[in-house]
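Please walk me through this structure from its overall layout down to a few individual residues. I am new to it and would like to see how the parts belong together.

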Amino acid sequence: MTVKIKAYSDFICPFCFLGKGPLDEIVKEKDVEVEWMPFELRPSPHSKIDPWKEPDKLSSWDSFILPTAKKLGVDMRLPRVSPHPYTNLAFEGCHFAKEHGKGNEFHHRVFTAFFQEEQNIENVEVLTNLAGEVGLSMDDFKDALVSRKYREVHQKALTHAYEEAQIMAVPTFIIGDEVIQGLASKGRLAQVIDKELKKKQTSDFDGMQCDINGNC
């Protein structure tokens, strides 16, 4: 019985990148299906995030983010893409990738391109090359981004995140009825997943009966 997990994240969120590690490990061990959901921390036309010019953000990076990355064994750096890019085009690319069976692969590749290789994930050419690396048609992918084919799809996904799911911060993981906000350890994720599996096993048998006519 597969447990479905909705993982809300933004590509410029360092804790979202760190949160992928424990979740990726869980995927290898348990019967779970992860759907990455878009969330833009600073959508256009809001000003872009520029941590290199904000001392408090640089301090947080050195004090909390890098030590956490080292503890988790994750290679990451503060990208010198200044200011940080808008992520709407990258998410539109995710919708294309998802439609062509490569959603999680492309999502992962965009994350590593930004936090490990310091690539500008707002650039169409950069995103197109990443799409090619995960086996997508580069020509079709680029056409979809240039034409903004998935703009409306992405806006609907954002509306869902902001208004329906009421996501206030990322990463946020929704596992059944349980909502985990913020970075979560592998153990915590496993605990919630196991709880959900037990609920599913119970509910599968609920209500089974035979009536007085012998119908079962």
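The paragraphs below begin with the whole chain, turn to its cores and its largest pocket, and end with some details of the backbone.

What is shown here is a predicted model, in which local features are described where pLDDT is at least 70. The chain contains 8 helices and 4 strands, and when these are read along the sequence they follow the pattern β-α-β-α-α-α-α-α-α-β-β-α. Taken along the principal axes, the C-alpha atoms occupy a box of roughly 75 × 40 × 30 Å. Of the 216 residues in the chain, 43% are buried. Among the contacts with a separation of 6 or more, 73% are between residues that stand 24 or more positions apart.

The interior can be approached through its nonpolar cores. The largest nonpolar core has 44 residues, and the members that touch the most others are Phe11, Met76, Phe106, Val110, Leu127 and Phe141. Two or more residues of this core come from each of helix 1, helix 2, helix 3 (88–99), helix 4, helix 5 (124–133) and helix 6 (138–147). A second core, separate from this one, has 17 residues, including Ile5, Val34, Phe173 and Leu197.

Phe11 offers a way to look into the largest core from one of its members. When neighbours within four places in sequence are left aside, Phe11 is in contact with Thr87, Ala90, Phe91, Cys94, His107, Val110, Phe111, Phe114, Phe115 and Ile121. Several names in that list also appear among the buried residues of helix 4, including His107, Val110, Phe111, Phe114 and Phe115.

Helix 4 itself is mostly covered, with 10 of its 13 residues buried. Besides those just named, the buried residues of helix 4 include Gly103, Phe106, Arg109, Thr112 and Ala113. The length of helix 4, which covers residues 103–115, can be checked against a simple expectation: at 1.5 Å a residue its 13 residues should span 18 Å, and because its end C-alpha atoms are 19 Å apart, the two values agree.

The next feature is the largest pocket, which has a volume of about 360 Å³. Its lining is made up of 18 residues, and those that lie nearest its centre are Ile12, Cys13, Pro14, Lys57 and Ile65. Helix 1 (14–29) and helix 2 (55–72) each supply at least two residues of this lining, and the largest share, 5 residues, comes from helix 2. Sorted by class, the lining of the largest pocket has 14 nonpolar, 2 polar and 2 charged residues.

Pro14, one of the residues nearest the centre of the largest pocket, lies in helix 1. Is Pro14 buried or exposed? Its relative accessible area is 15%, which is under the 20% limit, so Pro14 is buried. Leaving aside neighbours within four places in sequence, Pro14 is in contact with Trp61, Ile65, Met76 and Phe115. Met76 stands 62 residues away from Pro14 along the chain, yet the C-alpha atoms of the two are separated by 8.7 Å.

Ala190 takes the reader to another part of the sequence, as it lies in helix 8 (residues 186–203). Ala190 counts as buried because its relative accessibility is 16%. Apart from neighbours within four places in sequence, Ala190 is in contact with Ile26 and Lys30. Ala190 and Phe64, which are 126 residues apart in sequence, are 24 Å apart in space, C-alpha to C-alpha.

Some details of the backbone remain. Most residues other than glycine have a negative phi, and most peptide bonds are trans. The peptide bond from Ser44 to Pro45 is cis, with omega near 15°, and Pro45 is found in the loop between strand 2 (32–38) and helix 2. The peptide bond from Val170 to Pro171 is also cis, with omega near 5°, and Pro171 belongs to the loop between helix 7 (151–164) and strand 3 (172–175).

Gln166 is found in that loop between helix 7 and strand 3 as well, and although it is not a glycine, Gln166 has a positive phi of about 55°. With a relative accessible area of 57%, Gln166 is exposed. Glu118, again not a glycine, has a positive phi of about 55° and is placed in the loop between helix 4 and helix 5. At 28% relative accessibility, Glu118 counts as partly exposed.

Technical notes:
Residues are numbered from 1 along each chain as its sequence is written. This is a predicted model: local features need pLDDT of at least 70, side-chain atom pairs count only at pLDDT 80 or more; totals for chains, interfaces and linings use all residues. Side-chain values use heavy atoms; hydrogens and water are left out. The expected span of a helix is 1.5 Å times one less than its number of residues. Buried means under 20% relative accessible area, exposed over 50%, partly exposed in between (1.4 Å probe, protein chains only). On a 1 Å grid over the protein atoms alone, a cavity is a set of points where a 1.4 Å probe fits but cannot get out, and a pocket is an open set with protein on both sides within 12 Å along at least five of seven lines; lining residues have an atom within 4 Å of a point. Grid points are joined across faces, edges and corners, and a volume is the space filled by probe spheres set on the points. Ala, Val, Leu, Ile, Met, Phe, Trp, Tyr, Cys and Pro count as nonpolar, Asp, Glu, Lys and Arg as charged, and the others, Gly among them, as polar. A nonpolar core is a set of buried Ala, Val, Leu, Ile, Met, Phe, Trp, Tyr and Cys residues joined through side-chain atoms within 4.5 Å. Contact means heavy atoms within 4.5 Å.
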